[in-house]
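Me: Could you walk me through this fold with a few questions and answers? I would like each reply to reason its way to a value or a name.

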Amino acid sequence: YIEGLHDKATTTGQDLEWTFNHTNEQDLILQISNAQTPAVVLINDTPLAYYSGGTGRPKLQLLLSTDQIVEGENIIRLSPIVPAKESDLANALTLYGSKRKLTTDATWAFAKWDQPKQRAFTSVDKAGPKSFQGKPVWYKAAFPTPQTDMPIWLEPVGMSKGQIFLNGIN
């Protein structure tokens, strides 16, 4: 199942393919921006996502962790759903390497599900509180960001549905 595609969707067979060597354990961020052509994104022959092209959101960002990419040769493939000009998708893909995880040194805290006031948070260890498992909770972290025009990626690993507030903005 890939969100955005129906059961009988097929690709055109006009795939675009990039090969890259990955030599360390850093995560990568794959970004597709402002292409008109919808396509399925595959990494090492595994479908990961659907880029909706001009019919949906103009940007797709995927975190490629060591679960999806391997040390050595990797293949990124975009499989268009409709015929496309090659340059449309080819010029829209960017691959970023992460230097470090910004939240590594963050202090995490917990509060009840109502939008909490600052004083409601209490510190928890990074392993996560087992007693809250399956219950709605709020987590909060503060971390420094570099002065850059590069994107910053948030990957809420292990979390299910919810909302994210960044600097008080939902």
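Reply: Happy to; here are some questions about the strands, the core and a few loop residues.

Reply: A word on the basis comes before we start: this is a predicted model, in which local features need pLDDT of at least 70 and side-chain atom pairs count only at pLDDT 80 or more, while totals for chains, interfaces and linings use all residues. Residues are numbered from 1 along each chain as its sequence is written, and side-chain values use heavy atoms, with hydrogens and water left out.

Me: What pattern does the protein chain follow along the sequence?

Reply: Helices (H or I, at least four residues) and strands (E, at least two) are DSSP runs, numbered from the N terminus. By that count the protein chain has one helix and 10 strands. Read in sequence order, the pattern is β-β-β-β-β-β-α-β-β-β-β.

Me: In the protein chain, what share of the contacts with a separation of 6 or more comes from residues 24 or more positions apart?

Reply: Contact here means heavy atoms within 4.5 Å. Among contacts in the protein chain with a separation of 6 or more, the share from residues 24 or more positions apart is 70%.

Me: What is the order of the open sheet of three strands?

Reply: Two strands count as paired if DSSP finds at least two bridges between them. Strand 2 is joined to strand 5 (residues 59-64) by six bridges, antiparallel, and to strand 7 (residues 93-97) by five, also antiparallel. The resulting open sheet has the order 5-2-7.

Me: Which residue of strand 7 stands opposite Ile29?

Reply: Bridge partners place strand 2 against both of its neighbours. Ser33 has Lys59 as its bridge partner in strand 5, and Ile32 has Leu93 in strand 7. Opposite Ile29 in strand 7 stands Tyr96.

Me: How many of the six residues of strand 2 are buried?

Reply: Buried means under 20% relative accessible area, exposed over 50%, and partly exposed in between (1.4 Å probe, protein chains only). Side chains alternate between the two faces of the sheet in a regular strand. Here Leu28, Leu30 and Ile32 point one way, Ile29, Gln31 and Ser33 the other way, and all are buried. Strand 2 (residues 28-33) is therefore largely enclosed by the rest of the structure, its buried count being six of the six.

Me: Which residues have the most contacts inside the largest nonpolar core?

Reply: A nonpolar core is a set of buried Ala, Val, Leu, Ile, Met, Phe, Trp, Tyr and Cys residues joined through side-chain atoms within 4.5 Å. The largest has 20 residues, and those with the most contacts inside it are Leu30 and Ile32. Strand 1 (16-22), strand 2, strand 3 (39-43), strand 4 (46-51), strand 5 and strand 6 (72-80) each supply at least two residues of this core. Leaving aside neighbours within four places in sequence, the contacts of one of those two central names, Ile32, include Val41, Tyr51, Leu60 and Leu78; the pair asked for is Leu30 and Ile32.

Me: Which strands are the edge strands of the open sheet of four strands?

Reply: This open sheet has the order 1-6-3-4, with antiparallel pairing. Strand 1 and strand 6 pair over seven bridges, and Thr19 stands opposite Ile75 in strand 6. The strands that each pair on one side only are strand 1 and strand 4.

Me: What is the relative accessible area of Asn34?

Reply: Most residues other than glycine have a negative phi. Asn34 has a positive phi of about 60° although it is not a glycine, and is found in the loop between strand 2 and strand 3. Asn34 is exposed, with a relative accessible area of 59%.

Me: Is Asp45 buried or exposed?

Reply: Asp45 lies in the loop between strand 3 and strand 4. Its phi is near 65°, a positive value in a residue other than glycine. With a relative accessible area of 54%, Asp45 is exposed.

Me: Over the ring of which residue does the charged end of Lys140 sit?

Reply: A charge sits over a ring if NZ of Lys or CZ of Arg is within 6 Å of the ring centre and within 35 degrees of the ring normal. The charged end of Lys140 is 5.0 Å from the ring centre, and the ring belongs to Phe121.
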